[in-house]
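Thanks, everyone; please have the sequence and the model open while I talk. I would like to walk you through one strand and its neighbours, and then step back to the whole chain.

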Amino acid sequence: MNPSQDLVNKLWRECAVLRKDGVTYMQYVTELTYLLFLKMCSEQNDESRIPEQYRWGALKAAPETEVLQRYKQLLIDLGDGSKIADRSIVAIFQNAATVIRTPANLRKLIDTIDGLHWFSEERDAFGDAYEGLLQKMAEETKRGAGQYFTPRVLIAVMTQLMQPAPGEVIQDPAAGTGGFLISANQYMKKRSDDYFELSPKQQAFQLQQALRGVENVPDTFRLLQMNLHLHSVDPNFLDLTDTLSPGGQRDVFKQADLILSNPPFGPAGGPPTRDDLSIADRVSNYQLPFVEHIIRALRLGGRAAVIVPDNVLFDDNTGKRLRQRLMNWCNLHTILRLPTGIFYAQGVKTNVLFFTRSTDEAPTEDATKAVWIYDMRTGAPAYGKTNPIRERDFADFVTAFGDDPLGAAKRKDEGEEGRWRCFTREEIAARGDNLDITWLKDTSDDPEDGLDTPWEFADAIEGHLSSALEEIRALMEDLGEPEPAEVEA
């Protein structure tokens, strides 16, 4: 077991104690956010931004009879901009409140965190442990995992293939807890020889301006900020706003060199409110407007890897026009059909689109000459909590994709018996620009044969119903309002 996983398991066991106090998994991880941050600052001798009375040592030394009250006051004061000068500290603790009700439980949690060996020589021990807690939360909660968590192995594969480099602007318009931004930063540190030879100005750009993200849910935005802090990244361009609102039109969210994202999908509560979307501007779900945003947010020559549900590949009318825009303005060079069950929810069918914005100043026709599709879904094992997807499961796809982030590596079509095939733009046009292309016969067992609990079966049924409702909703939006019936005088 690696050190970070050992930390995760020890911290997660304490959740059982707090659950007796009525604390949910999400609340527990949020609570750890505050405590881990204070402990991290202490371990790294970086407490200058925190007043002395609110530091880890002061909290640890508080008598049990006073510790909960002091902790409550700490949360209030650190989120008060009139008392704390550092804006990032205020942003993390703004509106923070504890859900712990008994001093003994808080004392036990503080002692547990303080007693762990944090392997301070490992730069990302805190951050990796926190990432592990987010994954645990996703595994243990029936609802919410898809909203807050993308499997880190999938993030790592997408990042590896896109090869982020120092000096690039990297954006996630649906940042969640920051998995893609952190993965990109870690990749650059590990893979780029130039990363640690950057000038002071270049280093400042990497830490403060290179990574840019938007998140619309306040609690998740707090987790995003903390997760980045725990990984020693403190970017200036993080916004708590809706990407599909005017906030998503800000100049800092345009001209991205690389976009890595898993946008939300499902009902959006209404169409986008920004005025620069021309195709998906009237669509009342998330997936199509987010794809249009990403196309527009890339600089000329910029690249993207984006997770989308199946309906983006086959929806007619608005969906078809958006696919045509994508293939005209960008080189959609690769589609990865993902297996089901990897998002801790059954019935969710997703894909990764890999594309590069054309380098032409004016929008061009047919920037896409051919689309390569890798079918990782047909005949796949039943993935889920008991059988999570692993890095080795992506090995064949990574090899087929090649080492060019723009999809220009030499590739070989495996034919109708293989998983890796090429379809020309003409062949796709003959299909009505439908990209939901399959050719393998699925002889595997139903993935839901591996479900064990009533919750898993209920979740699978809900997933299928939600997908069906999404297709019906998209059809109704495309059809528009019915014409009023004529009434004879």
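Let me begin with strands S5 and S7, the latter spanning residues 350-357, which pair in the antiparallel sense over seven bridges; strands pair here if DSSP finds at least two bridges between them, and both strands (E, at least two residues) and helices (H or I, at least four) are DSSP runs, numbered from the N terminus. Within this pairing, Ile-307 stands opposite Val-352 in S7.

Before going on, I should say that this is a predicted model, in which local features need pLDDT of at least 70 and side-chain atom pairs count only at pLDDT 80 or more, whereas totals for chains, interfaces and linings use all residues. Residues are numbered from 1 along each chain as its sequence is written, and side-chain values use heavy atoms, with hydrogens and water left out.

S5 also pairs with strand S4 (residues 256-261), this time in the parallel sense and over five bridges, and there Ile-259 has Ala-304 in S5 as its bridge partner. From S4 the chain passes through helix H13 (residues 287-297) to S5, a right-handed β-α-β crossover, meaning that, with the strands pointing away from the viewer, the path from the first strand over the helix to the second runs clockwise.

Is S5 enclosed, and why? Of its 12 residues (298-309), 10 are buried, so S5 is largely enclosed by the rest of the structure; buried means under 20% relative accessible area, with a 1.4 Å probe and protein chains only.

Stepping back, the protein has 18 helices and nine strands, and 54% of its 489 residues are buried.

Technical notes: Buried means under 20% relative accessible area, exposed over 50%, partly exposed in between (1.4 Å probe, protein chains only).
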